[in-house]
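Below is a colleague's note on the model, set out as numbered points to be read alongside the coordinates.

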Amino acid sequence: MTHPDRKTAASPSSEEARALARARELPNSRTATDVDSLRRAFADHLQYSQAKDEHTATALDRYFATAYAVRDRMMRRWVQTQQTYYKTDTKRVYYLSLEFLMGKALENNLINLGLRDSMRDALSGLGLELDDLLAQEPDAGLGNGGLGRLAACFLDSLATLELPAYGYGIRYEFGIFDQQIRDGWQVELPEEWLRFGNAWEIPRPEYEVPVHFFGRTEHYTDERGQHRVRWVDTRKVLGMPYDTPIAGYHNHTVNTLRLWRARASEEFDLSDFNRGDYVAAVQEKNLSENISKVLYPNDLTVMGKELRLQQQYFFVACSIHDILNRHLKTHESFDDFTEKVAIQLNDTHPAVAVAELMRVFVDQYELPWEKAWEICRAVFGYTNHTLMPEALERWQVDLFGRVLPRHLEIIYEINDRFLREVRGTGKADEGAVSRMSLIEEGQPQHVRMANLAVVGSHSVNGVAGLHTELLKRELFHDFHALWPERFNNKTNGVTPRRWLLAANPELARTITECIGPQWVTDPDELRRLEPLADDADFRRVFREVKRGNKERLAGIIKAENGLTVDLDSIFDVQVKRLHEYKRQLLNVLHIVALYLRVKEDPSFRPPARTWIFGGKAAPGYQMAKHVIKLVNSVADVVNHDLDVRGRMAVVFLENYRVSLAERIFPAADVSEQISTAGKEASGTGNMKFQMNGALTVGTLDGANVEIREEVGPENFFLFGLTVEQVAELRGRGYDPWEYYRADKELKAVLDALSSGRFSPGEPRLFQPIVDSLLNGGDPYLCLADFRSYLECQEQVARAYGDQEDWSRKAILNVARSGKFSSDRTIREYAAEIWGVNRTPVG
């Protein structure tokens, strides 16, 4: 076998190894965890890492000193973790994701290391407050919503469960954009999360990876008479890894998140510079670094599409190179590769990894195609996260072939062999063959990346029971008929360490005092709270905790929006990425309906309610941006109308992010999970709300179905059409005008939007929204579900009036949230897809 050049660390001499081992046994202020040692570590880092003293240090300096002190206490465990994996030669899982929405790391690491209270005391002795320093850390916003946050929760669970794992992604310079609301409209600004540096990452320039784009292929016959292919005349970019430690909860495992930054192979052309062409001198640097500049560049242009494809291939190529190098450090061949490696594709973005692994096996390591394909299928697993066609990654063949000419050839070869295999089974007609093809015919042709992921993987999973059934029945029906054994469900989950223990410390403390701390790593223990739902004293304490959380969120609303909200009002929350299928618009239609009722009938007095929205719209998604403007315009009218003051308030919290979510979820009374049935794959916000004692208003969509099964129908507010009813309605021909004409209240709401009641300066401002509902076919059935939604909200209002019963329902939601821990999800992946085992460290 021909091995490409591999960079490996120099092997230590036995004398050096013995000396280092002796040195590590000495008392060490970098690993001690008592209060005095933590205080000394803080002082040392303030002076020696930040070059500051108590007179010159800023709050940011003190944050970094704290973070470095905590990171020190992870380092030995981090090294020991890698040593353990090498010594045991254990099978490892590699999680490839274009998003990792990590949020802030300091508090999470303090909790997992068991140091939060000690560090608080250490800083308190210096007159400092830990919470003030936590506020200095920027969110690592390397994701856009549930997909990236799920990946972050999974990393936490993998380390907590002591499973050998690595995360791979992109180190975006700006991540998801910062959102500002100006005159009610979303404005995108660069998210400069790296402006002051990142305390947690370790750059690894010694492990840089060359990545190639463009060029052409040369076919030739080698000296043994074998057909070979060279990829030549390429543009080379370097991928530089940055490693972040991921600590498990109260154990010695510290896994690795490796993020790749793109940089030019030649950063500076001195000859161009000396000729006075200063732009050309750095042109290569700028072109290369664009790859890791921004998460999801706008792809409305050809250049934007090309950059997105480059992003996907860049991090996949770097990661595959890294995985193979790691394997070859301790193995001479790939004969046992499938016993040592599992690669999970988190949605369709990394699907090009299938073609890349085949390219490296066949072109670089000269494996026979059949053996390479057997290995490839055995190591890959594919998680599908969406039924939405636009998210399934289709690339025009000419664009794909221009950027990755060799990979297009490989995909054609995979497709040719696959279609011959399918036809040979006799199980599929030509219609099915056409639907399963990796190439979609038409003008122009497209590469179907989701099909590539299915064909190249041994496992295909959905992320909720309903979603998986829809994958099998609709999206991948033909593949399921061919390979039913490959399809399985893995319902999503969230980590209770961040979303309950860290985000809601008072509730966590209350729970621990009642049932003990085991729930933190065994959330099924939360079931022991069920009897306490009938305990009046516990319900009172539960309400006090909720009110305290509402008070904290109200402070944020006052500071950010200048609005004072009623703590006794229902905090009705919908925070998530803005998309039409998530139906923030339906929520607004309900608000407008209630507002019009109050205005027309002053005696109508519903329970006071505060609607809280948050979420970002993709920069090129104009309708979603229009909905944000509508929310803010309705808020402007409602919040300034004395007739409804004290009964209605509407808030849009700008720049929704993980750290803000950690304040919102604990304060919510009502969780809005109102997507059109059959559109949401799973959702994870619904789980975080449930875990923090909010009651769900939802359709039978995604994981809502399973949440309702767990909590009981009486503790869930259900409305709307089911998947089957949606299909039936569409089948007989859905006419939104019928609903408009038949429902006077709905007509009044839409007429109010059309007439400019909420945009007096621009009466036609919201006509595009009304047109999309009435003349655009109402693609997400807001009008069809409008009446059912209003009736459901009336049930919510009545139920909230009985605070004792509401508290009982909320406690039962918390008690029955254990199924939705990411620990459970990861255990299922490990046992049923990856075949990886617990590997304790130390």
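Leaving aside its neighbours within four places in sequence, which residues is phenylalanine 380 in contact with?

1. The model is a predicted one, and the question above is a convenient way into its interior. Once neighbours within four places in sequence are set aside, phenylalanine 380 is in contact with Ile320, Ile343, Leu345, Ala353, Val354, Leu357, Gly456, Ser457, His458 and Ser459.

2. Phenylalanine 380 also belongs to the largest nonpolar core, which has 249 residues, and is listed with Phe213, Phe314, Ile343, Phe400, Ile414 and Trp834 as touching the most other members. Helix 11 gives the most to this core, with twelve residues. Another core lies apart from it and has 32 residues, among them Leu38, Ala65, Leu115 and Ala199. As a general remark, nonpolar side chains in soluble globular proteins tend to be buried together.

3. The aromatic residues deserve a point of their own, as the structure holds 29 aromatic pairs. One of them joins phenylalanine 213 and tyrosine 313 in an edge-to-face arrangement, with 5.7 Å from centre to centre and 80° between the planes. Phenylalanine 213 is in strand 8 (residues 209-213) and tyrosine 313 is in helix 11 (residues 302-330), so the pair ties together parts that are 100 residues apart in sequence. Both partners are buried: phenylalanine 213 has a relative accessibility of 0%, and tyrosine 313 has a relative accessible area of 1%.

4. Elsewhere, Tyr382, Phe418, Phe476, Phe479, Trp483 and Phe487 form one aromatic cluster. Rings also take part in arrangements with charged side chains: arginine 204 lies over the face of tryptophan 78, at 5.7 Å from the ring centre, and lysine 550 places its charged end over the ring of phenylalanine 571, 4.6 Å from the centre of that ring.

5. Is phenylalanine 154 buried or exposed? This residue of helix 7 (residues 146-160) has a relative accessible area of 1% and is therefore buried, given that the cut-off for that class is under 20%. With neighbours within four places in sequence left aside, phenylalanine 154 is in contact with Tyr95, Asn492, Gly493, Ser822, Thr825, Ile826 and Tyr829. The C-alpha atom of phenylalanine 154 is separated by 9.9 Å from that of phenylalanine 100, although their positions lie 54 residues apart along the chain.

6. Strand 24 (residues 695-698) is covered on both faces, with Leu695 and Val697 buried on one side and Thr696 and Gly698 buried on the other. Strand 24 pairs in the parallel sense with strand 23 (residues 670-673) over four bridges, and glutamate 672 has valine 697 as its bridge partner. Strand 24 also runs parallel to strand 25 (residues 717-718), to which two bridges join it, and here valine 697 stands opposite phenylalanine 717.

7. The connections around strand 24 are made through helices. Strand 23, helix 27 (residues 685-691) and strand 24 make a right-handed β-α-β unit, and a right-handed β-α-β unit is likewise made by strand 24, helix 28 (residues 704-711) and strand 25.

8. A further sheet is open and has three strands in the order 15-17-16, paired antiparallel. Strand 15 (394-396) and strand 16 (439-440) are at the edges with a single partner strand each, so one side of each has no neighbour in the sheet. Strand 16 is joined to strand 17 (residues 446-448) by two bridges, and the bridge partner of glutamate 440 is histidine 446.

Key
Residues are numbered from 1 along each chain as its sequence is written. This is a predicted model: local features need pLDDT of at least 70, side-chain atom pairs count only at pLDDT 80 or more; totals for chains, interfaces and linings use all residues. Side-chain values use heavy atoms; hydrogens and water are left out. Buried means under 20% relative accessible area, exposed over 50%, partly exposed in between (1.4 Å probe, protein chains only). Two strands pair if DSSP finds at least two bridges between them. A crossover is right-handed if, with the strands pointing away from the viewer, the path from the first strand over the helix to the second runs clockwise. Rings of Phe, Tyr and Trp (its six-membered ring) pair if their centres lie within 6.5 Å; planes under 30 degrees apart count as stacked, over 60 as edge-to-face and the rest as tilted. A charge sits over a ring if NZ of Lys or CZ of Arg is within 6 Å of the ring centre and within 35 degrees of the ring normal. Contact means heavy atoms within 4.5 Å. A nonpolar core is a set of buried Ala, Val, Leu, Ile, Met, Phe, Trp, Tyr and Cys residues joined through side-chain atoms within 4.5 Å.
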